[in-house]
Amino acid sequence: MKMSTSTSERTLPEFAQKLVDIRRHLHQNPELSHEEIQTTAAIRAWLTEAGIRIANFPLKTGLIAEVGGKQPGPIIAIRADIDALPIQEETGFAYASLVAGKMHACGHDFHTAAVLGAAFLLKERESELKGTIRFVFQPAEEKAQGAEQVIKSGALDGVRAIYGMHNKPDLPVGTIGIKSGPLMAAADGFVIEVEGLGTHAAVPEAGIDPIVTGAHIVTALQSIVSRNISSLQSAVISVTRIHSGTAWNVIPDKAILDGTLRTFEESVRSLIIKRFEQVVHGVAAAYGTKAVVRWVKGPPSVFNDSELALLATDAALEAGLEVITPAPSPAGEDFAFYQKKIPGVFVFMGTEGSQEWHHPAFDLDERALPISANYFAVLAEKALKELSSDIPLEVSP
């Protein structure tokens, strides 16, 4: 792993250990979306101890902090998510979750500790900063609701650009994935209710079987991507749950199918939703049933601004990181909501973990903590210099 002088200065053992201690405290005390009361209090205490001011934005959980503002210049934002997942931890670590059924299985504790580290580093240089860095410690990412709460609070008002990251277990420590354009998928959920007519299982002709209809809907949905979407584009439709009936000898009157749609382009997203409803209603009608589709709209695709991606790449090289072009991830991220309002870039930080996100044995390499903190400190300073013009960046289409 390459290290620049600035990186080595910012990875001293005591600084690295401080970030590890913060991350492990958060890991032991996970809180779910909208419940991050103690997590918010801990973040506030660490920031206050470092002399970092807390901005006054109306958030029930999560908070906004600022460094800089001593000299005129732009405002740029750095975001970390703070919530955990309803998963029982199976790592066996001494610092494993102390809360039954709750775990930081997506690395949000890592994100929070690293961004706190960046705030600590930038505080030391506050008098030299020409502008303001706004640190967004966002709640409820796992519910895809926290980003919109932050936006409604006004925390993005006047912000020129926003940066964020997600740990990436399949990338080595010291590696960072940066690309312009789509990086993570729009994540929509769906619920299909098929209404038939119940009857005794021995006399199916007396009813209308919603289970048969549901089975044919599952099969028919598979053709949407393969026959409507170009091979140069990508999308996923997955039916993940089917529920119907209460007894082995009764044909029920209703079947419910749940699942998810993942897309990277808004045009593809719109086309699939249209074809999805046509297929569902067409199959239902063919079998004499009725169907209702309810969409659970998730975040749009994470779409990185090309100009800011170049800046992020320059900062990564300056910080001694190896930059790669990552493959887009079909996972969803509510950071995308910020990018609908202002230009932004989301990066993948190499953390060399043994398991993927949301696994009960999820882990990551804590050597990436000071590296990530240093990267965002370098990036923030570079962004303030490069974005000093009053000409606003335009949000990518």
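The legends below describe close-up views of a predicted model. Local features are given at pLDDT of at least 70 and side-chain atom pairs at pLDDT 80 or more, while totals for chains, interfaces and linings use all residues. Residues are numbered from 1 along each chain as its sequence is written, and side-chain values use heavy atoms, with hydrogens and water left out.

**View 1. Packing of helix α2 against helix α10.** Helices and strands are DSSP runs numbered from the N terminus (helices: H or I, at least four residues; strands: E, at least two). Two packed helices are described by the angle between their axes and the distance between the axes. The axes of α2 (residues 13-28) and α10 (residues 368-386) come within 8 Å and cross at roughly 105 degrees, which makes α2 roughly perpendicular to α10. Axes are lines fitted to C-alpha atoms, for helices over the stretch in contact, with angles from 0 to 180 degrees between N-to-C directions. Angles under 35 degrees count as roughly parallel, over 145 as roughly antiparallel, 65 to 115 as roughly perpendicular and the rest as oblique. On the α2 side, Phe-15, Ala-16, Leu-19, Val-20 and Arg-23 meet Leu-369, Pro-370 and Ala-373 of α10. Contact here and below means heavy atoms within 4.5 Å.

**View 2. Surroundings of Ser-97 and Lys-102 in the loop between β3 and α4.** The loop runs between β3 (71-81) and α4 (108-123). Ser-97 is buried at 18% relative accessibility, whereas Lys-102 is partly exposed at 23%. Buried means under 20% relative accessible area, exposed over 50% and partly exposed in between (1.4 Å probe, protein chains only). The side chain of Ser-97 reaches the backbone oxygen of Val-99 at 3.0 Å. Leaving out residues up to four places away in sequence, Ser-97 touches His-27, Gln-28, Pro-30, Glu-89, Lys-102 and Met-103. With the same exclusion, Lys-102 touches Pro-30, Leu-32, Glu-35, Leu-85, Ile-87 and Ser-97. The C-alpha atoms of Lys-102 and Glu-89 are 7.1 Å apart, with their positions 13 residues apart along the chain.

**View 3. His-34 and Glu-35 in the loop between α2 and α3.** Helix α3 spans 37-49. His-34 is partly exposed, at 35% relative accessibility, and Glu-35 is partly exposed at 37%. Phi of His-34 is near 75 degrees, a positive value in a residue other than glycine. Most residues other than glycine have a negative phi. Beyond four places in sequence, Glu-35 is in contact with Thr-61 and Lys-102. The C-alpha atoms of Glu-35 and Gly-62, 27 residues apart along the chain, are separated by 9.6 Å.

**View 4. His-358 in the loop between β16 and α10.** The preceding strand, β16, covers 344-350. His-358 has a phi near 75 degrees, positive in a residue other than glycine. Its relative accessible area of 38% makes His-358 partly exposed.

**View 5. His-111 within helix α4.** His-111 is buried, with 1% relative accessibility. Apart from residues up to four places away in sequence, His-111 touches Ala-80, Asp-81, Cys-106, Met-165, His-166 and Asn-167.

**View 6. Aromatic pairs and charges over rings.** A search of the whole structure finds eight aromatic pairs. One of them, Phe-93 with Tyr-95, is stacked, at 5.2 Å centre to centre and 20 degrees between the planes. Rings of Phe, Tyr and Trp (its six-membered ring) pair if their centres lie within 6.5 Å; planes under 30 degrees apart count as stacked, over 60 as edge-to-face and the rest as tilted. Phe-93 is partly exposed at 29% relative accessibility, while Tyr-95 is buried at 12%. Phe-190, Phe-276 and Trp-295 are linked by ring pairs into a cluster. Lys-18 lies over the face of Phe-120, 4.2 Å from the ring centre, and Lys-168 over the face of Phe-348, 5.3 Å from the ring centre. A charge sits over a ring if NZ of Lys or CZ of Arg is within 6 Å of the ring centre and within 35 degrees of the ring normal.

**View 7. Ala-144 in the loop between β4 and α5.** Strand β4 covers 130-138 and helix α5 covers 146-153. Not counting residues up to four places away in sequence, Ala-144 touches Pro-299, Asp-334 and Phe-337. The C-alpha atoms of Ala-144 and Tyr-163, 19 residues apart along the chain, are separated by 17 Å.

Key. A polar contact is a pair of N or O atoms within 3.5 Å; within protein, one must be able to donate a hydrogen and the other to accept it, and residues adjacent in sequence count only if both atoms are side-chain atoms.
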